[in-house]
Amino acid sequence: MFSRILLTTDFSTQAEHAYPWAAQLATSNGGTIQLMHALEDDLVATAPVFADYMAPGALDLGNYREQFRVGARKALEAAAEKLRALGAKVEVHLVEKGKPSSAVVKAAQEFNCSVIVISTHGRGGLAHLLLGSTAEKVVRMAKVPVLTVHDGDTPPAA
C-alpha cells in the first residue's frame, strides 16, 4: 500500500518526531523512505541548522551555497542513519526547487510516493500568520495522503 514514503525534514527536534512514523509505514509495507530536505532559498535563515556540519570559513561568499549543500547532505545522511536504525530502507534527496511546501509536493510526484509524512511545529496565532505552515500548505496541495506528526504524538509501536 505505502511502498514509497516521502519523509520531509528540516532537521529540527520536531521533525525527528516523524521518523518513527515513517519507519513504521515503510517496514510494515516493505517500503522505502524517500527522505528529503528542501534547501531554503534564504540560506541566511537556515545557517544555524547546519553549523555543526559546515567547515570553518564556510561563509565565504564564493562557496556559501555549496557549503550549505554539503552541510545539508551530511545532515540528511545523519537523519537517514537514525531511520535505518529503526529498520527502514532509506534513500536521501536534497531538493532545491523554490518554497519548501511546493518542493515537497513536487518531490512526492517525482519520486512516485504514495504518502507524505511531515512534522508540524504547531505554531498558532501570530507566529502562524507570519510564518505560515509548510505542513498546512502541503496538506492543501498534495495529491497523496499526508500524515502530519505533532510534537508529543505517541510514536507507533514497532
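This passage looks at one buried threonine, two nonpolar cores and two residues with an unusual backbone angle.

The model is a predicted one, so local features need pLDDT of at least 70 and side-chain atom pairs count only at pLDDT 80 or more, while totals for chains, interfaces and linings use all residues. Residues are numbered from 1 along each chain as its sequence is written, and side-chain values use heavy atoms, with hydrogens and water left out.

Threonine 32 sits in strand β2, residues 32–38. Helices (H or I, at least four residues) and strands (E, at least two) are DSSP runs, numbered from the N terminus. With a relative accessibility of 14%, threonine 32 is buried, where buried means under 20% relative accessible area, exposed over 50% and partly exposed in between (1.4 Å probe, protein chains only). Setting aside neighbours within four places in sequence, threonine 32 is in contact (heavy atoms within 4.5 Å) with Ser3, Arg4, Ile5, Ala26, Lys89, Val90 and Glu91.

Val90 has its own set of partners: on the same terms, valine 90 is in contact with Thr32, Ile33, Leu35, Ala80, Leu83 and Arg84. Val90 also belongs to the largest nonpolar core, which has 22 residues. A nonpolar core is a set of buried Ala, Val, Leu, Ile, Met, Phe, Trp, Tyr and Cys residues joined through side-chain atoms within 4.5 Å. Ile5, Leu7, Ile33, Leu35, Leu83, Val90 and Val117 touch the most other members of this core. At least two of its residues come from each of β1 (4–8), α2 (19–29), β2, α4 (64–85) and β4 (115–120). A second, separate core holds 16 residues, among them Met36, Val95, Val104 and Cys113. In soluble globular proteins, nonpolar side chains tend to be buried together.

Now for the backbone. Most residues other than glycine have a negative phi. Phenylalanine 11, though, has a positive phi near 70°; it lies in the loop between β1 and α1 (13–16) and is buried at 17% relative accessible area. Its C-alpha is 9.1 Å from that of alanine 72, although the two residues are 61 apart in sequence. Asparagine 112 also has a positive phi, about 55°, and is placed in the loop between α5 (100–110) and β4. Asparagine 112 is exposed, at 60% relative accessible area.
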